[in-house]
Structure formats: structure tokens, C-alpha cells
Amino acid sequence: MRWSLRLGGYRGIEVSIHLTFLLLLAFLGVNTWLASGSVAAVLGGLGFILLVFACVLLHEFGHALTAARFGIRTRDIVLYPIGGVARLERMPEDPRQELWVALAGPAVNVVIAAVLLLWLVVSGALVPVDQLGWARGPFIERLMLINLFLVGFNLIPAFPMDGGRVLRALMALRMDYTRATQVAAGIGQALALVFGFVGLLWNPFLLFIAFFVWIGAAQEASMVMMKSSLGGIPLQRVMLRDFATLDADDQLLRAVQVTLGSSQRDFPVLEEGRLVGVLRQEDMLRSLHDTGPGARVREAMQTDFRTAHLGEMVEAVFQRLGECRCRTLPVTDVRDQVVGLVTMEHMGEFLRIQAALRR
Ligand code: ZN
């Protein structure tokens, strides 16, 4: 993950900020300095932004920890200048679970806003809203309003907002998942048009949102279409049967020869017929550069790898390919023999053929 800075982690979830986020801080800092010329104003402004992003981070943890309750891991949370993204390894299949995961983020901001409001009321610090500005008025009250804004903004019923997922989940309780996604994506794109139109006349910020919503809706719809076209197909029908394997004691030279003589990029590595590793092309190239062609495959291969099983369905394997971010999975049979390969490229080809057949 280049371009982002690791901040820390909690319960196995890495948290990092994208470097453009630092640009945002620098931009706001310089702007405040030019407008006010006061160090206190600059620090106050930056402190406020950091607190807002702490609330965004808690929002993302709301999603991630709820997903964890359903056994879904979160790869990481990245904070971008426009908000946070919790990258879940997958979305829940059950619409009820998706509903909870989607609602958990905004719910966190509702709780924060309620606590802050309570504090403002008890301490008598509440002032009328029209006396507030981005950098004017009580800190706590501004933070409360930002949290309310985050709730409203995220519940816009369009992908990639949480509201889009809520809408889809609610519809999926009553209809087929693919159909629900198409309808939700359609509503999202209609909203994007409205935002775009209003944005042109009135507020350029809305144009920006319209753009994101339009792209998000299209992406979600095509992801689900793809998944549904994979449903019910056994892996045996799709896997590559014509492939080469390497022996752990082979020299890299042999890997080079096999690579040049075929289009295969990653190789299952065997030792006495048993699968012990996967040699990826990038590992091979790195070892060739570092140690030369005489190095053993054993020294260059990945020993921490995932496999697919012959009896599995394509959909599950496709998901695993996405989760492990690997390109190739060896397919094994009941006796743990490698009988095939699944690759991203080959899956892509299969999907294109499926789409052509349906037309
Ligand atoms: Zn959210």
C-alpha cells in the first residue's frame, strides 16, 4: 500500500492515512494562516479537522467490527481527504447482515452527536446554529453538527454511500439480490443526475458527489452481475488442466525455460508429488536478479499460499482470488494432488465467454 502512511492497528485491522490527506491539512493550514495570521487559529483549525477524521475513523470501525461479528474480516481502513474506506474482504451474503453492517457506521456518528449534544445542554454551552461557522462558535457544537452531517451524507440512498447498501439490503429481503442491486443502482444514478443538475446551478460540491455516486452505482451493479453469472458453475468446468509444475529442487533456469515456452506465469511447486509452494513470476524475477539462474525454486517460492478444491463452485473460488490478492490458485483433489490451476486472466476469459453466450 504505497501512498499511505500506517498509523496503527486495532483487532488486526490496519489503519493508515493516504498521503493526499496531509496535502489537505497543509492546504487548510496555509489558508487559515493567510486569512487570520494567527498560530492559534491555524492549530485550532487543524485540531478540528483531526477530530472530524477521528469521528470518520470511528464510523469505519463501526462497519468493520459489525462485519467481524458475522465472521467477515476487514483488510484495512484508509482515511482519504474525502472520507474513510473500510475494505472488507467481502460483503455479507445475507441482506439482514448487510443491513446491520451498513447501518453500524452512521449509528456511531449518531451516538457521538448525542453524547456531544447532551454535554452541550448540560453545560449550557449551546448557541443558535446561525452563529456557527466552519471556524466560528463552540468547538463541541461544531463537532456535533459535523457528525449529524456525516449521518445524513452517508445515508444518501446511492452507492457507494452506506445508504445505497441499506436500500439494496432492504429490497433484497423481498426480491432477488441481483435485481435489488440493479434497482438500487438505478435509483442511485437517478439521484446522481439530480445532484449534478442542482450542483451545476447552485453548489459545485454536489457535482463532485454526483460523480462519485454515478461511478459507484455502475461499479456495484457490474460486480453483482459478474457474481451472479458465476453462480452454480462447478470449478471443474473452468479450471486450467494444461499446466506445468516445478520441483522444489529445480533450478530457476528451468522455471525460466517453462515460462518462455508457455503463457504460464505462476507455478505450483511439488516435492515428492506433494504441493509445497507456489512460484510467482515476480518471485522468480527477483531471485534471478538477486541470486542468478542457479538458485533453487525452493528458495524463491511462496510457502504461504491458498488453494482451491476440485469440488468447489466457481463463485467461492473467485471470491478467494479477490481476498488473497493472488493471481493463481492451485486446484487439488481428494488425495491432495494438484489437478488444475485457476488464474485471474482465465476467469476473465470465462466471464467474457459467458456474457457472449447469454447475448
Ligand atoms: Zn460508512
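Here are legends for four close-up views of this predicted model.

**View 1. Helix 1 meets helix 2.**
This view takes in helix 1, residues 19–36, and helix 2, residues 39–69. Their axes come within 8 Å and cross at roughly 150°. That angle is over 145 degrees, which makes helix 1 roughly antiparallel to helix 2. As for handedness, the crossing of these two helices is right-handed. On the helix 1 side, look for F21, L24, L25, L28, G29, T32, W33 and S36. Facing them from helix 2 are V39, A41, V42, L46, I49, L50 and F53. Sort the contact of helix 1 with helix 2 by class and you get 12 nonpolar residues, 3 polar ones and no charged ones.

**View 2. The zinc ion and its protein donors.**
Now move to the zinc ion, where H59 and H63 each offer their NE2 atom. D162 is listed twice, through OD atoms. These donors lie 2.0 to 2.6 Å from the zinc ion. What kind of site do the 4 donor atoms make? The site is irregular, with angles among the donor atoms running from 54 to 151°. Along the chain, the donors of the zinc ion follow the spacing H-x3-H-x98-D. One pair here links distant parts of the chain: H63 sits in helix 2, while D162 belongs to helix 5 (residues 162–172), and the two are 99 residues apart.

**View 3. Helix 5 crosses helix 6.**
Helix 5 turns up again here, this time with helix 6, residues 177–201. The axes of helix 5 and helix 6 come within 8 Å, crossing at roughly 140°. That makes helix 5 oblique to helix 6. Helix 5 passes helix 6 in a right-handed crossing. Which residues make the contact? From helix 5 come G164, L167, R168, M171 and A172. Helix 6 brings Y177, A180, T181, V183, A184 and I187. By class, the contact of helix 5 with helix 6 has 8 nonpolar, 2 polar and 1 charged residues.

**View 4. Helix 8 packs with helix 9.**
The last stop shows helix 8, residues 252–261, and helix 9, residues 281–290. This pair packs at an angle of about 130°, with the axes 11 Å apart. So helix 8 is oblique to helix 9. Here the handedness is left: helix 8 passes helix 9 in a left-handed crossing. L252, A255, V256 and T259 are the helix 8 residues to pick out in this contact. Their partners in helix 9 are Q281, M284, S287 and L288. The class count for the contact of helix 8 with helix 9 comes to 5 nonpolar and 3 polar residues, with no charged ones.

Technical notes: Residues are numbered from 1 along each chain as its sequence is written. This is a predicted model: local features need pLDDT of at least 70, side-chain atom pairs count only at pLDDT 80 or more; totals for chains, interfaces and linings use all residues. Side-chain values use heavy atoms; hydrogens and water are left out. Axes are lines fitted to C-alpha atoms, for helices over the stretch in contact, and angles run from 0 to 180 degrees between N-to-C directions. Helices (H or I, at least four residues) and strands (E, at least two) are DSSP runs, numbered from the N terminus. Angles under 35 degrees count as roughly parallel, over 145 as roughly antiparallel, 65 to 115 as roughly perpendicular and the rest as oblique. A crossing is left-handed if the near helix is turned anticlockwise from the far one by less than a right angle, and right-handed if clockwise. Contact means heavy atoms within 4.5 Å. Ala, Val, Leu, Ile, Met, Phe, Trp, Tyr, Cys and Pro count as nonpolar, Asp, Glu, Lys and Arg as charged, and the others, Gly among them, as polar. Donors are N, O and S atoms within 2.8 Å of the metal (3.2 Å for Na, K and Ca); water is not among the atoms, so sites may look incomplete. Four donors count as tetrahedral if all angles lie between 85 and 135 degrees; four count as square planar and six as octahedral if opposite donors are over 155 degrees apart and all others between 65 and 115; anything else is irregular.
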